Amino acid sequence: MKIYERLNKIDRRIIYAILFVVVTLPLIFPSVLKVTPMTPVENLFTAVDKTTDDKALILDCSYAPQIKAEVEPMAIAVLRHAFKTRKKILVLSLYVEMIGLATRALNQVVEEFNSVAETYEDSIIYGRDYVFLGWQPPPIVPMLGMGESISNIYVVDYYGNQTDTLLMMQRIRNYNDISILVALSGSRIPISWVSYAQNRYGLQVGVGCTAVSGADFYPYYQTGQFTGLMVGMKGAAEYEELVEANHGVKGRRVASEAMLSLTYAHLIIMLFIVIGNIGFFLHRRKK
Amino acid sequence: MKKRIPLILIFVAGLLGVISFVIPHPSYQVYDAWIRNDLLRVLSAFAVVLALGSLLRVHSDKIRRKRRNWQYSWLLLIAFAVSAIIGLFGGVAADGILPTTIGSFSYDIQTLYENIVIPLASSMFALLAFFMASAAYRAFRVRSMEATLLLVAAFIVMIGVLPLGYSISKHLPAFVQWILNVPNVAGQRGIVLGIALGVVATSLKIILGIERAWLGGGE
């Protein structure tokens, strides 16, 4: 077999095997790669950071298990940021299949903070520091309805408590008491938040999305409809970096640990594209 | 009559949906809030029941008639029954009337979700990376000027978004941001405007009864 034929016809199993090795090795021996935060992520971080004591932020965890690897680190980073700076936070999901992931992220971060808390004041208390609203179908109902009254839409929270009896909810009534909503999703849900909640009630919207859908969201970021934007695992790693650098939050940084794996995977894919094109050119010249 | 009632319903519902955005007067917004917060939620609850009923019917029928891959339908029905029973009676925080632990073994709805649904869904999606790598190697050929431009832009963005990009040049990530903010946004905005106009036109056709394919039934 001639050289260009070999370059053109690499067995796909070889590609799979090499990719498998370069992706898994850095995950087995993790090391945190330093990332430099980009402006869209910094803008989101600043908007969350500026939440005043009389306001809360909403975290919409509408991401499916398929994109957990990319988006869950964002949820964890935002929750760490909120809890460390004592911001009040409301968590919800717009679809039922995503409730479990929101629960998982919340449980993990609450446990992280409460395991090192020494006093009741230091602890993260349900109803005082955060509320898990759960799921309310169809999505347009909470999107528009929370502009009038949050406790009318979520009469009970995820655990069955009367929402308006929770301490935090005495002051948080509707979007007027919300500083920013951070929508974490791999679909077009963040655009719906702009269409309904922002256009009608002026709610600030920040976004965390998959790398694939990032390009779709840039027009909305450029116009200022999205206050900030975290794109893919790199965006999550940048937010983790900002939270640690600015507030000294220690904890496992899953997205930052995966940066090495992501880098190698990108380089390998690029290498194979180059090899394929060399083979293609040699073959064309031979013809 | 079978077609006229749905057409009247869609006309009224469509009109009410549009009007709420152009009449901000409180007297109308009260009705709008009632439609969204009460009526819509009741309708969605019916839709959930209808969807579950339909799912069960389709798979029961498949088993009864022993259609292709009917064995998998048993899996679906068993998984459906188990998760429904545990979800309904085990409670969302494992605090329901149904015990969800045997010794140290826990089988509450969250544990099932974290140990079955998440790994299965994540694994399926992870396979995409391998197919993408193989497909990029086979299909990403510099055959024309446009393909060359696409490849160069893709390489710059791929390197620029990585931490490696900053090590190569401090200006590379900023250049990548420019690509995403300017040429990408220009293209995306054109597509978004086109889609929006298409959605408006199709919605109007449906509301006015010009487009009737959604009614089904063919001729």
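**Exercise 1. Domains of the two chains**

Task: In this predicted model, state which domains are assigned to chain A and where their bounds fall, then treat chain B likewise.

Solution.
1. For chain A, the domain assignment gives domain 1, made of residues 1-30 + 260-287, and domain 2, residues 33-252.
2. The centres of these two domains of chain A, taken over C-alpha atoms, are 39 Å apart.
3. For chain B, the assignment gives domain 1 as residues 1-67 and domain 2 as residues 77-132.
4. Between the C-alpha centres of domain 1 and domain 2 of chain B the separation is 30 Å.

**Exercise 2. The nonpolar cores**

Task: Determine which residues of the largest nonpolar core touch the most other members, and which helix gives the most to this core.

Solution.
1. The largest nonpolar core holds 50 residues, and Phe83(A) and Tyr239(A) are the ones that touch the most other members.
2. Helix α4 of chain A, residues 68-84, gives the most to this core, with nine residues.
3. Leaving aside residues up to four places away in sequence, Tyr239(A) touches Val41(A), Leu44(A), Phe45(A), Val48(A), Ala77(A), Val78(A), His81(A) and Met230(A).
4. Another core, of 39 residues, lies apart from the one just described; among its members are Val141(A), Tyr175(A), Ile191(A) and Val194(A).
5. As general background, nonpolar side chains tend to be buried together in soluble globular proteins.

**Exercise 3. Helix α3 of chain B**

Task: Check the end-to-end span of helix α3(B) against its number of residues, and identify its buried residues and what covers them.

Solution.
1. Helix α3(B) runs over residues 70-90, which is 21 residues.
2. The expected span is 1.5 Å times one less than the number of residues, so for α3(B) it comes to 30 Å.
3. The end C-alpha atoms of α3(B) are 30 Å apart, in agreement with the expected value.
4. Under the cut-off of under 20% relative accessible area, the buried residues of α3(B) are Ser73(B), Leu77(B), Ile86(B) and Gly90(B).
5. The cover over these buried residues includes α2 (26-64) and α4 (109-139) of chain B.
6. Just after the helix, Gly91(B) adopts a positive phi of about 80°.

**Exercise 4. The interface of chain A and chain B**

Task: Describe the contact by how many residues each chain contributes, by its buried area and by its salt bridges.

Solution.
1. Chain A contributes 66 residues to the contact and chain B contributes 51 residues.
2. About 5,000 Å² is buried between the chains, and carbon and sulfur atoms give 66% of this area.
3. Three salt bridges are found across the interface.
4. The side chains of Arg200(A) and Asp32(B) form a salt bridge, at 3.0 Å from N to O; this distance satisfies the cut-off of within 4 Å.

Notes
Residues are numbered from 1 along each chain as its sequence is written. Chains are lettered from A and ligands numbered from 1 in the order in which they are written. This is a predicted model: local features need pLDDT of at least 70, side-chain atom pairs count only at pLDDT 80 or more; totals for chains, interfaces and linings use all residues. Side-chain values use heavy atoms; hydrogens and water are left out. Helices (H or I, at least four residues) and strands (E, at least two) are DSSP runs, numbered from the N terminus. Buried means under 20% relative accessible area, exposed over 50%, partly exposed in between (1.4 Å probe, protein chains only). Contact means heavy atoms within 4.5 Å. Domain bounds come from an automatic or database domain assignment. A nonpolar core is a set of buried Ala, Val, Leu, Ile, Met, Phe, Trp, Tyr and Cys residues joined through side-chain atoms within 4.5 Å. Buried area is the accessible area (1.4 Å probe) that two parts lose on being put together, summed over both.
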